[in-house]
Each structure stands twice: as structure tokens, then as C-alpha cells.
Amino acid sequence: MAIKLDFQPAFDPLFAQSKWWGAADLPSDWDYPRNEEGEPLHFLCQIRCEELIPYDKQGLLPHAGMLYFFAAIGEYIEHLDLAEGHCGLGEWPQDAFRVLHAPSCDNLHSCPITYDDGEAAYLPAERIIFSEVESSYDRFKLLGKPYYEEIAELYPDSLSLLQIDEEERWGLRLYDCGMLCFLITPEALRHHAWEEVHLYFHSF
């Protein structure tokens with residue numbers, strides 16, 4: 001099984017809640033994730049881990065705190081213009097993405113990324129709705145196996161920690177039917193070894 005992610009437009013920034021897009025709400029003593037050039041990575045989502053308990057039947061994910069995903073995907077979002085460096089097909093370098101986990105959801109502060117003119121450099125926050133889905137589901141999900149067999153063959157021992165599909169509503173285009181997949185082995189996941197995550201971009 002896997003955990004399906006659906007999204008619902010919100011009318012507030014969803015501070016300290018599970019959300020896709022928007023501004024990251026990070027612990028006050030954390031620095032915002034950046035690439036080797038010092039450019040901020042694009043915030044994808046944050047997930048309150050306690051919300052995953054009913055769906056994470058094997059107990060693979062943390063069940064407390066906040067889980068965060070960042071990646072240099074600005075060039076693939078029609079409405080944004082972030083200078084994060086180019087990352088194309090295949091495995092992305094380690095500085096082009098980040099998976100982080102905060103053990104608590106206390107003492108968070110909003111970290112909006114803006115352009116030089118002060119305009120928000122992110123899409124509006126959307127609420128994440130979780131549900132169970134089959135392991136090979138082909139859209140947005142946590143856990144399960146990668147939808148594309150090409151990715152599964154390259155990483156036979158890994159789970160799809162987070163799978164990202166294209167979404168026209170957001171202007172998110174990944175070449176031709178592309179997909180981004182954060183990958184981690186069950187052993188690394190059990191030890192919360194987020195530094196061992198890989199990010200692979202596959203497209204036809």
C-alpha cells in the first residue's frame with residue numbers, strides 16, 4: 001500500500017499544518033535549505049507526521065514532528081522564475097534537493113522566499129488530503145513502489161518516499177509525462193537517514 005496525496009486550495013497559509021506549496025514553516029533554529037550556489041531550493045511540501053498514522057500500516061514513516069521536501073524545480077513551474085540551477089533527466093545532485101524531519105511541530109516560523117521586489121516566489125499553499133492507495137499508484141503519493149518500471153529497475157531496493165507527477169493546474173510540467181521520485185531504502189527509512197535519499201527525474 002501507499003499513501004495518496006490529494007490537494008485542496010486553501011484561503012490561508014496553513015501555518016504549521018500539512019501543506020503543498022506555500023512557505024515552509026521551519027524550526028526557529030534551522031537555516032533555509034539552499035544549493036551549493038547559495039540559492040534557496042523550492043519548497044514542495046511539509047507533512048505533519050501524526051496525520052500519517054492511520055495510513056502508514058507498516059510504521060515506516062515518522063509518526064511525530066514535521067517532514068519537509070525541497071527541490072530545485074522552479075524551472076518546471078510555469079508561473080515561477082527561480083534561479084536554482086538546471087537539473088534535468090536522471091539522478092539529481094545531492095545539493096539540488098533536501099528531505100528534512102523536525103521531531104516536533106513546536107517553535108516553527110514561516111520562511112517565505114521572495115523575489116528582489118518582495119513578491120512571493122512560491123505558489124499559494126494547498127491543503128493535503130491523505131488516503132490509502134495501491135502501491136503502484138501513478139500520481140502523487142508517499143511510499144509504495146515507483147510507478148515507472150524504469151525507476152524501479154534502477155533502484156530495486158528502494159521505496160518511493162515521495163512521488164510527484166505533472167499538474168496542469170499549477171503549471172507544473174516535467175517534459176513529456178515526466179515524474180520526480182524521491183527514493184529511499186527501507187533500512188535508511190527505519191533509521192531516518194534522510195541524507196541517503198535520492199531524487200530521480202524520469203520522462204519519456
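A nonpolar core is a set of buried Ala, Val, Leu, Ile, Met, Phe, Trp, Tyr and Cys residues joined through side-chain atoms within 4.5 Å. The exercises below use a predicted model.

**Exercise 1. The core**

Task: Find how many residues the largest nonpolar core has, and which have the most contacts inside it.

Solution.
- Step 1. Count the members. The largest nonpolar core has 64 residues.
- Step 2. Pick out those with the most contacts inside it. They are Trp-20, Phe-69, Ile-73, Trp-92, Leu-142, Leu-161 and Phe-182.
- Step 3. Ask which element gives the largest share. Strand E5 (residues 66-71) does, with six residues.
- Step 4. Look for another core. One of seven residues lies apart from the largest core, and its members include Tyr-148, Tyr-155, Leu-183 and Tyr-200.
- Step 5. Zoom in on Leu-161. Neighbours within four places in sequence are left aside; among its contacts are then Leu-61, Phe-69, Val-99, Leu-142, Phe-182 and Trp-194. Lys-141 is also in contact with Leu-161.
- Step 6. Set this against the general rule. In soluble globular proteins, nonpolar side chains tend to be buried together.

**Exercise 2. Two positive phi angles**

Task: Place Ala-16 and Cys-177 in the chain, and decide whether each is buried or partly exposed.

Solution.
- Step 1. Recall the usual case. Most residues other than glycine have a negative phi.
- Step 2. Read the angles. Ala-16 is not a glycine, yet its phi is positive, about 65°. Cys-177 is not a glycine either, and its phi is positive at about 55°.
- Step 3. Locate them. Ala-16 sits in the loop between strand E1 (2-9) and strand E2 (19-20). Cys-177 sits in the loop between strand E11 (159-164) and strand E12 (179-184).
- Step 4. Apply the cut-off. Buried means under 20% relative accessible area. Ala-16 has 12%, so Ala-16 is buried. Cys-177 has 40%, so Cys-177 counts as partly exposed.

**Exercise 3. Cysteines and a serine**

Task: Explain why Cys-177 forms no bond with the closest cysteine sulfur, then describe the surroundings of Ser-203.

Solution.
- Step 1. Search the whole structure. Zero disulfides turn up.
- Step 2. Check Cys-177. Its closest cysteine sulfur is in Cys-181, 16 Å away, so the pair is too far apart for a bond.
- Step 3. Check Cys-181. Its nearest cysteine sulfur belongs to Cys-45, 13 Å away, and Cys-181 is in no disulfide. Cys-181 is buried, at 1% relative accessible area.
- Step 4. Move to Ser-203. This residue lies in the segment after strand E13 (198-202). Ser-203 is buried, at 11%.
- Step 5. List its contacts. Beyond four places in sequence, Ser-203 touches Leu-89, Leu-174, Tyr-175, Asp-176, Cys-177 and Gly-178.
- Step 6. Add the polar link. The Ser-203 side chain reaches the backbone oxygen of Asp-176 at 2.7 Å.

**Exercise 4. Salt bridges**

Task: Say how many salt bridges the count comes to, and which residues are linked with Glu-168 in a network.

Solution.
- Step 1. Start from the principle. Side chains of opposite charge can pair when their charged atoms come close.
- Step 2. Take the total. There are ten salt bridges.
- Step 3. Inspect three of the pairs. Lys-4 pairs with Asp-6, the closest N and O atoms being 3.6 Å apart. Arg-48 pairs with Glu-50 at 3.8 Å. Glu-168 pairs with Arg-173 at 2.6 Å.
- Step 4. Check accessibility. Lys-4 is partly exposed at 21%, and Asp-6 is partly exposed at 30%. Glu-168 is exposed at 56%, whereas Arg-173 is partly exposed at 35%.
- Step 5. Build the network. Salt bridges link Glu-78, Glu-168 and Arg-173.

Terms used:
Residues numbered from 1 in each chain as written. Predicted model: local features only at pLDDT ≥ 70, side-chain atom pairs only at ≥ 80, totals over all residues. Heavy atoms only, no water. Helix = DSSP H or I, 4+ residues; strand = E, 2+ residues; numbered from the N terminus. Buried < 20%, exposed > 50% of the residue type's maximum accessible area, 1.4 Å probe, protein only. Contact = heavy atoms within 4.5 Å. Polar contact = N/O pair within 3.5 Å; in protein donor to acceptor, adjacent residues only side chain to side chain. Disulfide = S-S within 2.5 Å. Salt bridge = Lys/Arg side-chain N within 4 Å of Asp/Glu carboxyl O.
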